[in-house]
Amino acid sequence: MNYTSTRGKSGEVLSSAHIIKQGLALDGGLFIPESIPSLTNDEISALCALSYPERAATVLAKFLTDYTYEELLLDCQKAYSEQSFVGGAAPLVRAKDGIYSLELWHGPTAAFKDMALQIMPRLLSRALQKTGEKRTALILVATSGDTGKAALEGYRDVDGIKIMVFYPVDGVSRVQKMQMATQLGDNVNVTAIYGNFDDAQTGVKVIFSNDDAKAYLDEKGYFFSSANSINWGRLAPQIVYYVSAYCDMLTSGEIAMGDKINVCVPTGNFGNIFAAYLAKLMGLPIGKLICASNQNNVLTDFLRTGRYDRNRDFHCTMSPSMDILISSNLERLLAFTAGKEKTAEYMDSLKNNGYYEIDAQVKAKIDESFCGYFADEQATAQTINKYYKENGYLADTHTAVALSAAEQYIAQTGDHTPMVVASTASPYKFAADVCVCLGLKRPEDDLDALDMLSKHTATEITYPLRGIAERKVRFTETVNADDMLDAVKRYVD
């Protein structure tokens, strides 16, 4: 299995180890596989009897063909151990009749990013060995809250790797900020920026494409790589949990083999829902993919109109991990549906004009699988309150966006196919907002909301967040987005 760029300009044809090491294609595009492996009904049946690590190794082996199954299984067993995922990796919980919550947040940082970022550092470490790389990998991460902490935790004290995370200083929750600012490890760095997530993401991409910066790092014995979902090593593990969810529904008798499920994903950068699309292309019986957005509903508008336009107001919402106007992984969907030449044109237009518009034929292809809905702040709050009071299900602000979108889709279409909703974060990561949505008064310090939420709902604080207020703050620097490269140089000097 080899990989090429979504833009087709660089001419690169690389193995999985090389692209996991490199991260981004030389022409600025994202790597995609030359073909999609199949997943048969017999294979799905066989997966039902396996543990999550075994399911993960089996699916990943179809894409990462220069890794042995034994290597992948060993890494998956370590990544998805009971110690790291208290409560299990990706359990499926009934939220209400017909809607199932795929809880992806039982890992060490209480967010779905752990599902990929516990295994990805192991894949990168092996990639450095497989490609004969002697330099130290410098991982640069732009985060809207969850990726940063998950990457820091995943790469902490991994040999041959350093990591630097940038986040918008006023664009993450208090809990998310404390998680990053108190991160342990000798090879980690965290820097806030003045601006929003798109500023951070653009800044990282600019650094990646800066030849002078690459040369500077090379002199110091480093090279750039990424942990965002622009890196295939981040995206591929996300395919697994949709396959696993289907297996769990089969095992529980909720569906029979071959029955379709719909999937609803709260997404800003489009990687999580694109992973579900890949599972569908492999042969997993998925009907519709519902893309759920918050008030920054650029993806909803794109899926409804075919026009992607980031020239709009940016909203800071109670679901900050989705406060994104430039959805990087959408480029991969365009490459699959419009082809590489058109994708390159779209990306040039987005860079130069802030928008692009796909033709009717491409939109028709996308419409076969995708539709978009969004929930504003009021709808998000109402959904949290409703699901807790009526169903006893406690959702975070991002999961609530998806639950609202799922219900909108069902009401509009009358499609009652079993719905799997990706639950992307523990409600305790956004405890203050969840408390307000449940009718409680917001405390002066948002960290106090963890105890408040626990007491009100008689639920336990998610284990990685217990005692967070007492942890020592290590990182306090904030820089302008234009000064991100200087911050990187200070880190490696």
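**Putting the labels to the test**

Modeller: Let's start just past helix 18, where G414 comes next with a positive phi, near 70 degrees. Helices here are DSSP runs of H or I with at least four residues, strands are runs of E with at least two, and both are numbered from the N terminus. Mind that this is a predicted model, where local features need pLDDT of at least 70, side-chain atom pairs count only at pLDDT 80 or more, and totals for chains, interfaces and linings use all residues. Residues are numbered from 1 along each chain as its sequence is written, and side-chain values use heavy atoms, with hydrogens and water left out.

Biologist: Fine. How many helices and strands does the chain have?

Modeller: The count is 21 helices and 16 strands.

Biologist: And why is the chain called as compact as a globular protein of its length?

Modeller: Its radius of gyration (over C-alpha atoms) is 21 Å, and the globule rule (2.2 Å times the number of residues to the power 0.38) gives 23 Å for 493 residues. Those two values are close, so the chain is as compact as a globular protein of that length. The C-alpha box is roughly 60 × 50 × 45 Å along the principal axes.

Biologist: What percentage of the residues counts as buried?

Modeller: That's 62% of the 493. Buried means under 20% relative accessible area, exposed over 50%, and partly exposed in between, with a 1.4 Å probe and protein chains only.

Biologist: Back to helix 18, then. What makes its span close to the expected one?

Modeller: Residues 397–413 make 17, and they reach 25 Å from first C-alpha to last. The expected span, 1.5 Å times one less than the number of residues, is 24 Å.

Biologist: Why is helix 18 called largely enclosed by the rest of the structure?

Modeller: Twelve of its 17 residues are buried, so the label fits. Among them are H398, V401, L403, Y409 and I410.

Biologist: Why does H18 count as partly exposed?

Modeller: H18, in helix 1 (residues 16–22), has 33% relative accessibility, which falls between the two cut-offs, so partly exposed it is. Its C-alpha lies 28 Å from that of S84, 66 residues away in sequence.

Biologist: What makes G11 exposed?

Modeller: At 60% relative accessibility G11 is over the 50% cut-off, so it counts as exposed. G11 belongs to the loop between strand 1 (2–5) and strand 2 (14–15), and its C-alpha is 9.0 Å from that of L26, 15 residues apart along the chain.
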